[in-house]
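Grab a coffee and work through these three short exercises on a predicted model. Each one has a task, followed by a solution in steps.

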Amino acid sequence: MRWLLVLFCLSFTAVSQAAAVGTYNGKVIEKVLVLKSAHQLQLVNDGKPLKTYRISLGKGAKKGPKLIEGDKRTPEGFYWIDWRKVSDKFYLSMHISYPNIADAARARREGVEPGGMIMIHGTPDTEENPEQLFHTLDWTDGCIAMRNVDMREVWSLVPDGTMIEIRP
């Protein structure tokens with residue numbers, strides 16, 4: 001009887017993981033790659049970009065990786081897309097699992113707070129601040145921002161649990 005329960009649990013896990021796979025043009029999205037210097041977010045399969053988007057970064061983007069809370073830098077390293085929400089201010093938002101273990105350990109050694117709530121999100125779009133104002137600027141507090149049309153597409157293609165690598 002126990003083996004039947006184990007078999008059921010294993011098959012449920014396999015099915016639920018299979019359902020959480022994003023695809024683009026029939027190819028599995030293995031990870032999201034952010035190239036800060038190029039202002040690009042790429043959906044990657046087999047080491048090759050399937051789709052590339054223009055992004056905006058933190059106001060401190062050209063100063064290296066995120067080091068402390070409030071430095072307005074976008075982190076660098078390996079993380080996960082771990083949850084998402086609809087945002088009144090930023091349209092759609094997907095949370096990045098910053099800080100990772102290395103980030104947290106470095107911050108602890110240095111006696112600082114690493115910060116958090118790093119997201120991939122859309123762009124404000126109001127009469128006084130239309131979306132096109134933001135598209136070519138680094139304006140976030142450390143997040144990765146995209147045009148809302150691009151954010152809708154990434155939201156639909158990239159499931160929670162997808163790896164994200166952020167490079168300088």
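**Exercise 1.** Work out which strands each supply at least two residues of the lining of the largest pocket, and describe that lining.

*Solution.* Start with the strands: β6 (77-87) and β8 (119-121) each bring at least two lining residues. Next, look at the whole lining, which has 20 residues. Nearest the pocket's centre you'll find M117, T140, D141, G142 and C143. Now sort the lining by character: six residues are nonpolar, eight polar and six charged. Finish with the volume, which comes out at about 350 Å³.

**Exercise 2.** Find the residues of the largest nonpolar core that touch the most other members, then follow the contacts of V158.

*Solution.* The core has 25 residues, and L41, I96, I120, I144, V158 and I164 touch the most other members. As for where the core comes from, at least two residues each are supplied by β3 (31-35), β4 (40-45), β6, β7 (91-96), α3 (148-157) and β10 (163-167). Now zoom in on V158: skipping residues up to four places away in sequence, V158 touches I29, V32, L43, I81, R84 and M94.

**Exercise 3.** Decide whether P99 is buried, partly exposed or exposed, and list its contacts.

*Solution.* First, place P99: it sits in the loop between β7 and α2 (101-110). Its relative accessible area is 30%, and buried would need under 20% while exposed would need over 50%, so P99 is partly exposed. Then check the contacts: leaving out neighbours within four places in sequence, P99 meets A104, P114 and G115. Last, take G115: its C-alpha atom is 7.4 Å from that of P99, with the two residues 16 apart along the chain.

Notes. Residues numbered from 1 in each chain as written. Predicted model: local features only at pLDDT ≥ 70, side-chain atom pairs only at ≥ 80, totals over all residues. Heavy atoms only, no water. 1 Å grid on protein atoms, 1.4 Å probe; cavity = no way out; pocket = protein on both sides within 12 Å on 5 of 7 lines; lining within 4 Å. Points joined across faces, edges and corners; volume = space filled by probe spheres on them. Helix = DSSP H or I, 4+ residues; strand = E, 2+ residues; numbered from the N terminus. Nonpolar A, V, L, I, M, F, W, Y, C, P; charged D, E, K, R; others polar. Core = buried A, V, L, I, M, F, W, Y, C linked by side-chain atoms within 4.5 Å. Buried < 20%, exposed > 50% of the residue type's maximum accessible area, 1.4 Å probe, protein only. Contact = heavy atoms within 4.5 Å.
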